[in-house]
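Please open the model in a viewer and keep the sequence panel visible. The tour below proceeds by selections, each followed by a description of what is found there.

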Amino acid sequence: MRPLAHDEIEEVLGAYALNAVDSDEAALVEQHLEGCPRCRSEVAGHREVATLLGNTGGDAPAGLWDRISVQLEESPPPMRLDLPGALGTITPLAPRRRERSNRIVAVALGAAAALAIGVLGAQVVRQQDQLDRFEAAIEDGSLLSAANVALRDPEATKVELTSADGTVSVTAVVLSDGTGYLMANELPGLEGGRTYQLWGQTSTGLISLGLLGGAPGAILPFEGGTDLAALAVTAEEAGGVVQSENPAVVVGELG
Amino acid sequence: MSSETGAGSEQPVAMAIDGDLTECSDAVLVVAISRYRQEALAEAYRRHAGAVFALAKRLLADAAMAEEIVQEVFLRIWNQPEKFDSERGTLRSYLLAQCHGRSVDVLRSETSRRAREERDVRRTAEKGYDLEHEVLDLSMAERIKEAMGSLPEIEREAISLAYFGGHTYREVADLLDQPEGTVKSRIRTGLKRLRSELVGAGNGIDL
């Protein structure tokens, strides 16, 4: 469809405000609205009127609230990692979300640097499709079978690493000798030049356990030692960092 | 690293974190929702779910589908509280706008086409524009009814079919056997007229 002139757009603003245009025409109007404050203000006025017409009374159906409340994303439980005293403590702050309100658990690791373990917002864009994940899994076939063997080991510890809002969850398995596998199939793809980095909480502090790359579907073998208490994944510049300034994408504690 | 929100004054934020929510404003409720307080969503639901349900039901003419819409609308404010901007309107009007948009999407989906045809037949049979049962506040109902009644018939019908019927203006033109251009401009002039009646000088209605 050709772009419409201002006066043609103007004519349709009433219908647009009532959601009474088809999607093609709505797209044209929206394109125009971006650059036209006058039309934006007219639409806002029409919408206000529409809301008055649609503002009706009555009760909500019985039982509906119960159906909604069971679907609510749980408030993330305060995360506690037992850091050795010399390295500081983790203080869970009041939960916050999204850009201005991401939940952050500050980790005091001394004056020099701190690793903030927090959550990824719910609006994580999952850019990679299922095919990519599948191909990655095939390429990692040998690792996958090793990881599957580890998962079946009765002595192994299985760890679920989750984002605090619960939308992202990945599994790691740690064998009794400290060897482990992280199966990062649920991590959303990162933009180029970024990588996921796995961290382990041990008696000597937070240590880097390796880089996963930025594509989903990776399986990372790691050596966590026998005193591994927790795992966390952050997103970093390619190459990784010694100490992260970024919030954790997912976090999980052992046992 | 950044942390403090800096949004709003401290008082509402403190209320949102641990205050009593039954007395607080909608804006504070939404802050509390963004802090994962389920009772804040429950309070928003108590205040607005009836209106959201009534609008969805009016559009969809189907209680079960309307309940679905109510669920979607409230789960959306729970999951994306930052989409609501209290500077741009009330929570009620935001929820109703969400509800209307989703209801229209459902109406226009292929699966509901048949139900809709049947519904249109029923609507024609019922005829009329009955607002008394629709509007919470009687005086407001009266004013809206008056304002709607003062519109030329074609404007009233076009707005009603578009907004409550979920029809595009092209469909409205078919239904009323009028040229598309006429319907388009009638909807617009009708809304402008209603606005000056209802929102105009000293007559302001707040939701």
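**Starting inside chain B**

Select Ala56(B) and display its surroundings: beyond residues up to four places away in sequence, Ala56(B) touches Ala66(B), Ile69(B), Val70(B), Cys99(B) and Ser103(B). Please note that the model is a predicted one.

Now widen the selection to the nonpolar core. The largest such core has 39 residues, and Ala56(B) is among those with the most contacts inside it, together with Ile33(B), Val52(B), Val70(B) and Phe74(B). Four elements of chain B give two or more residues to this core: α2 (26–34), α3 (38–60), α4 (63–79) and α5 (91–108). Colour α3(B) separately, since the largest share, 13 residues, comes from that helix. As general background, nonpolar side chains tend to be buried together in soluble globular proteins.

**Chain B as a whole**

Zoom out to the full chain. Chain B contains 10 helices and zero strands, and its pattern along the sequence is α-α-α-α-α-α-α-α-α-α. Of its 207 residues, 41% count as buried. Among contacts in chain B between residues at least 6 apart in sequence, 52% join residues at least 24 apart.

Next, select residues 153–163 and 180–198 of chain B, which are helices α8 and α10. How do these two helices cross? Their axes come within 8 Å and cross at roughly 95°. An angle from 65 to 115 degrees counts as roughly perpendicular, and α8(B) and α10(B) are therefore roughly perpendicular to each other. Show the side chains at the contact: α8(B) supplies Ile154(B), Glu155(B), Arg156(B), Ala158(B), Ile159(B) and Ala162(B), while α10(B) supplies Val183(B), Arg186(B), Ile187(B), Thr189(B), Gly190(B) and Leu191(B).

**A helix pair in chain A**

Move to chain A, which has seven helices and 11 strands. Of its 255 residues, 37% count as buried. Among contacts in chain A between residues at least 6 apart in sequence, 56% join residues at least 24 apart.

Select residues 6–17 and 37–54 of chain A, helices α1 and α3. These helices pack at an angle of about 30°, with their axes 8 Å apart. Angles under 35 degrees count as roughly parallel, and α1(A) and α3(A) are therefore roughly parallel to each other. Their crossing is right-handed. On the α1(A) side, display Ile9(A), Glu10(A), Leu13(A), Gly14(A), Tyr16(A) and Ala17(A); they meet Cys39(A), Glu42(A), Val43(A), His46(A), Arg47(A) and Ala50(A) in α3(A).

**Strand β6 of chain A and its partners**

Select residues 179–183 of chain A, strand β6. Is this strand largely enclosed or left open? Four of its five residues are buried, so β6(A) is largely enclosed by the rest of the structure.

Add residues 169–174, strand β5 of chain A, which pairs with β6(A) in the antiparallel sense over four bridges. Within this pairing, the bridge partner of Val174(A) is Gly180(A). Four residues lie between the two strands of the hairpin, where Gly178(A) takes a positive phi near 95°.

Then add residues 219–223, strand β9 of chain A. Five bridges join β9(A) to β6(A), and the two run antiparallel. Here Tyr181(A) stands opposite Pro221(A).

**A buried leucine in β8**

Centre the view on Leu212(A), which lies in strand β8 (residues 205–213) of chain A. Is this residue buried or exposed? A residue counts as buried if 20 or more other C-beta atoms lie within 10 Å of its own; Leu212(A) has 24 within that distance and is therefore buried. Leaving aside neighbours within four places in sequence, Leu212(A) is in contact with Ala184(A), Thr195(A), Tyr196(A), Leu198(A), Ala218(A) and Leu220(A). Draw a distance from Leu212(A) to Met183(A): the two are 29 residues apart in sequence and 9.8 Å apart in space, C-alpha to C-alpha.

**Last stop: strand β11 of chain A**

Finally, select residues 248–253 of chain A, strand β11, which is mostly covered, with five of its six residues buried. Strand β10 (residues 230–237) of chain A pairs with β11(A) in the antiparallel sense over five bridges. In this pairing Val233(A) has Val250(A) as its bridge partner.

Conventions
Residues numbered from 1 in each chain as written. Chains lettered and ligands numbered in written order. Predicted model: local features only at pLDDT ≥ 70, side-chain atom pairs only at ≥ 80, totals over all residues. Core = buried A, V, L, I, M, F, W, Y, C linked by C-beta atoms within 7 Å. Buried ≥ 20, exposed ≤ 12 C-beta atoms within 10 Å, placed from the backbone. Contact = placed C-beta atoms within 7 Å. Pairing = 2+ DSSP bridges. Axes fitted to C-alpha atoms, helices over the stretch in contact; angles between N-to-C directions. Parallel < 35°, antiparallel > 145°, perpendicular 65-115°, else oblique. Left-handed = near helix turned anticlockwise from the far one by under 90°.
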